[in-house]
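User: Could you show me how to read a few features of a structure, giving the general idea before each case?

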Amino acid sequence: MDEKLLYNVKEVSKCLGVNVHLVYVLIRKGLLPALKLGSLKVRKASLESFVARYEGMDLSDLDNITELKAID
């Protein structure tokens, strides 16, 4: 079976373990690149790049992304 190249928003939310609304916010703010092909789609490479780019970062406030502080 071929690996998928594009993921819809629901699939992205499952991959990231977040709700669908947050995926739309990430796309709207330009943090997660997407394309519209019928519905919004995210390339697998873009999803992997997003995770790598923001590893070690606190995305709780998307208007103020900071480095993740050590957890006590």
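Analyst: We will take a helix face, then an aromatic pair, then a lysine. This is a predicted model, in which local features need pLDDT of at least 70 and side-chain atom pairs count only at pLDDT 80 or more, while totals for chains, interfaces and linings use all residues. Residues are numbered from 1 along each chain as its sequence is written, and side-chain values use heavy atoms, with hydrogens and water left out.

User: Which residues of helix α3 are buried?

Analyst: An α-helix has 3.6 residues a turn, so residues three or four places apart point the same way. In α3 (residues 44-53; helices are DSSP runs of H or I of at least four residues, strands runs of E of at least two, numbered from the N terminus) the buried residues (under 20% relative accessible area, 1.4 Å probe, protein chains only) are Ser46, Leu47 and Phe50. Seen down the axis of α3, these fall within an arc of 100° (taken from the directions from the helix axis to the C-beta atoms), so they line one face of the helix.

User: How are the rings of Phe50 and Tyr54 arranged?

Analyst: Rings of Phe, Tyr and Trp (its six-membered ring) pair if their centres lie within 6.5 Å, and planes under 30 degrees apart count as stacked, over 60 as edge-to-face and the rest as tilted. The count here comes to 1 aromatic pair. The centres of Phe50 and Tyr54 are 5.2 Å apart with planes at 50°, so this pair is tilted; both residues are buried.

User: What does the side chain of Lys41 reach at 3.1 Å?

Analyst: A polar contact is a pair of N or O atoms within 3.5 Å, where within protein one must be able to donate a hydrogen and the other to accept it, and residues adjacent in sequence count only if both atoms are side-chain atoms. Lys41, in strand β3, reaches the backbone oxygen of Leu37 with its side chain at 3.1 Å, and the Lys41 side chain also makes a polar contact with the side chain of Ser39 (3.1 Å).

Notes
Buried means under 20% relative accessible area, exposed over 50%, partly exposed in between (1.4 Å probe, protein chains only).
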